[in-house]
Amino acid sequence: MSEPYLRIRNLTVDYGGTAALQDVSLQLAKGGRLALIGESGSGKSTLAMAIAGLLPRRARSGGTIEFPALPRQPSLGKDIGVLFQDPSGSLDPVMTIGDQIAEVVMTHRGLSWISARLMAAELLDRVHIPKPLSRLNSYPHEFSGGQKQRIALAAALAGNPSLLIADEPTSALDTVVQRHIVNLLDELVRDNGLTLLFVTHDIALASERADTIGVLYKGKLVECGPTAGVLGEPEHAYTKALIATHISLDMPRRKRLAEINADGLQ
Amino acid sequence: MMQRASPILEVRNLAKRFGDHGAAGLRNVDFSVSNGETLAVVGASGSGKTTLARLVMRLLPPEAGSIHFRGQDITALRGEGLRRLRPHFQMVFQDPLAAFNPRASVRRVLEDPLRLHGLAAKAEYDTVIGATLERVGLSADLITRLPLELSGGQRQRVAIARAILTKPDLIVLDEPVSALDVSVRAQILNLLLDLQEETGVAYLFISHDLAVVRAFADRMIVMEEGRITETGMTEQVLANPQSNATRILIAAVPRL
């Protein structure tokens with residue numbers, strides 16, 4: 001088997017006393033699409049941020065994160081692009097979107113300012129922002145939530161990264177816009193041969209979009225494997241409970257919704 | 001099945017315009033909610049769901065049309081008359097953090113409705129609040145906490161406690177679970193279902209998530225660009241959608 005793109009061994013992260021991640025090991029193949037699922041506080045975002053090199057300073061970590069496919073330690077923006085949940089939080093409100101994207105292009109691709117601005121328009125076109133050249137001088141607040149997330153995606157891709165990390169990229173959006181954004185993610189990941197890691201609490205979304213699913217529960221990676229296997233034959237009680245909470249549109253309505261009973265899980 | 005029961009809320013030809021060209025807003029919105037019923041209002045962002053919720057709550061004035069609550073026309077009701085009716089229709093917002101004064105403890109948040117509507121003697125406040133907190137699945141010890149010291153699910157429970165303190169006939173739920181993760185979402189919806197069974201409260205449930213609507217609502221209306229494009233029993237609408245807007249919403253639901 002060829003070298004994986006990403007290899008994590010015995011990763012442990014704690015934020016001063018409380019362990020956020022315990023002994024996590026996993027591998028991700030080049031071009032693979034990994035979904036990390038789990039509830040709030042499960043450690044899924046911590047794992048994603050540890051890979052991005054974006055842990056807060058107070059975090060202490062042990063174990064190793066390696067990128068065997070890269071010739072050097074990855075640099076954020078150039079090798080790894082990150083897309084966050086809240087696009088308003090990742091875009092600078094007082095800088096035009098053209099400048100924000102061009103800045104990344106100039107820094108990581110070494111282009112002149114004018115070429116970088118043209119490249120920014122090209123990137124905006126790739127995320128389907130209409131009339132991109134005329135929008136370069138617009139500010140983030142002039143766009144809807146879904147458009148802002150597309151612009152943030154253009155900025156994340158501006159350094160031409162080989163890994164895209166998306167941390168709950170659609171949790172703040174409605175289901176219709178969510179569908180557009182994940183379709184776009186799919187398209188860009190395939191067209192550019194990117195490796196994708198995305199964090200979600202929605203197991204159905206993970207099942208549609210990932211070839212590998214990792215389930216985090218209380219800081220531990222309790223299950224990780226091919227999507228069909230994790231869904232078809234879940235091993236861990238939490239994974240089973242998560243699958244049971246899924247509401248399908250064609251299931252008859254029940255009196256109550258399935259809950260996850262924390263006492264029944266270890 | 002509950003169609004023929006007396007409506008708690010009746011909305012007739014409601015309209016609201018925003019901006020100059022009048023493109024955004026609501027047009028000809030017509031529906032009713034019966035006693036003890038859950039009516040879902042679904043639609044994509046910008047379809048007018050939240051505007052509708054605000055009009056029903058009398059937080060925004062409509063341009064045309066009327067709103068009847070328990071048979072009374074409240075469209076133009078103001079001042080003391082509106083204030084007297086307020087305890088009977090309550091609202092729970094999407095983001096409970098934004099719905100609370102960040103410096104007010106849970107006690108202060110829940111004292112307000114008791115004081116404003118004279119629902120209990122001052123000496124009984126803590127007892128009433130404690131009992132209500134327990135009713136929504138929280139420990140009475142949380143009474144001294146600030147909103148920031150609560151989890152998202154706990155905050156939404158406090159918001160529900162605030163809404164039920166006045167024993168309302170109708171609660172407008174504006175995306176009450178879309179900011180919560182899956183396990184907490186089910187707990188909150190089950191709490192709302194239990195409260196409805198106990199008290200017969202009716203819900204106007206605003207949501208963009210058809211899976212949740214499927215599990216929670218008796219009937220639904222689908223909105224697009226400020227108009228109702230489809231209405232019916234939830235199961236029938238989902239099994240046999242008639243409008244394009246509904247089909248787009250159905251197609252957007254992730255499938256396992």
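**Exercise 1. Locate Asp23(A) in its chain, then describe its backbone.**

Solution.
Step 1. Asp23(A) sits in strand β2 of chain A, which covers residues 18-28.
Step 2. This is a predicted model. In it, Asp23(A) has a positive phi of about 50°, although Asp23(A) is not a glycine.

**Exercise 2. Do the same for Asn28(B): give its strand and its phi.**

Solution.
Step 1. The strand is β2 of chain B, residues 24-34.
Step 2. Phi of Asn28(B) is positive, about 50°. Asn28(B) is not a glycine either.

**Exercise 3. Count the salt bridges over all chains, then work through the pair Arg117(A) and Asp99(A).**

Solution.
Step 1. The whole structure holds 29 salt bridges.
Step 2. In one of them, the side chains of Arg117(A) and Asp99(A) meet at 2.7 Å, N to O.
Step 3. Place both partners. Arg117(A) belongs to helix α4 of chain A (residues 113-126), and Asp99(A) to helix α3 of chain A (residues 97-109). The pair therefore ties together parts that are 18 residues apart in sequence.

**Exercise 4. Describe the interface between chain B and chain A: contacts, buried area and polar pairs.**

Solution.
Step 1. Start with contacts. Chain B brings 36 residues, which touch 33 residues of chain A.
Step 2. Take the area. About 2,900 Å² is buried between the two chains. Carbon and sulfur atoms give 56% of that.
Step 3. Find the leading contributors. Arg214(B), Pro254(B) and Leu256(B) supply 24% of the area that chain B buries against chain A. No other three residues supply more.
Step 4. Count the charged links. There are 3 salt bridges between chain B and chain A. One joins Arg253(A) to Asp218(B), with the closest N and O atoms 3.2 Å apart.
Step 5. Count polar contacts. The interface has 16 residue pairs of this kind, both residues at pLDDT 80 or more.
Step 6. Assign elements on the chain B side. α7, α8, α9 (234-239) and α10 (244-251) of chain B each give two or more residues. α7(B) gives the most, with 10 residues.
Step 7. Sort that side by class. The residues of chain B that touch chain A split into 21 nonpolar, 6 polar and 9 charged.

**Exercise 5. How many cavities of 30 Å³ or more does the whole structure contain, and what lines the largest cavity?**

Solution.
Step 1. The search returns 4 cavities of 30 Å³ or more.
Step 2. The largest cavity encloses about 570 Å³.
Step 3. Its lining has 38 residues. Nearest the centre are His201(A), Asp202(A), Val182(B), Arg185(B) and Asp209(B).
Step 4. Map the lining to elements. Chain A gives two or more residues from each of α7 (175-192), β7 (195-200) and α8 (203-209). Chain B does so from α7 (182-199), β8 (202-207) and α8 (210-216).
Step 5. By class, the lining of the largest cavity has 21 nonpolar, 11 polar and 6 charged residues.

**Exercise 6. Give the volume and lining of the second largest cavity.**

Solution.
Step 1. The volume is about 120 Å³.
Step 2. The lining consists of 14 residues. Closest to the centre are Ile247(A), Met251(A), Arg254(A), Leu257(A) and Ala215(B).
Step 3. The class split for the second largest cavity is 7 nonpolar, 3 polar and 4 charged.

**Exercise 7. Characterise the second largest pocket by volume, lining and residue class.**

Solution.
Step 1. The space in the second largest pocket is about 510 Å³.
Step 2. 17 residues line this pocket. Arg86(B), Gln90(B), Pro113(B), Leu116(B) and His117(B) lie nearest its centre.
Step 3. The elements giving two or more lining residues are α2 (79-85), β6 (89-92), α4 (106-116) and α6 (152-164), in chain B.
Step 4. The lining of the second largest pocket divides into 10 nonpolar, 2 polar and 5 charged residues.

Conventions: Residues numbered from 1 in each chain as written. Chains lettered and ligands numbered in written order. Predicted model: local features only at pLDDT ≥ 70, side-chain atom pairs only at ≥ 80, totals over all residues. Heavy atoms only, no water. 1 Å grid on protein atoms, 1.4 Å probe; cavity = no way out; pocket = protein on both sides within 12 Å on 5 of 7 lines; lining within 4 Å. Points joined across faces, edges and corners; volume = space filled by probe spheres on them. Helix = DSSP H or I, 4+ residues; strand = E, 2+ residues; numbered from the N terminus. Nonpolar A, V, L, I, M, F, W, Y, C, P; charged D, E, K, R; others polar. Contact = heavy atoms within 4.5 Å. Buried area = accessible area lost by both parts, 1.4 Å probe. Salt bridge = Lys/Arg side-chain N within 4 Å of Asp/Glu carboxyl O. Polar contact = N/O pair within 3.5 Å; in protein donor to acceptor, adjacent residues only side chain to side chain.
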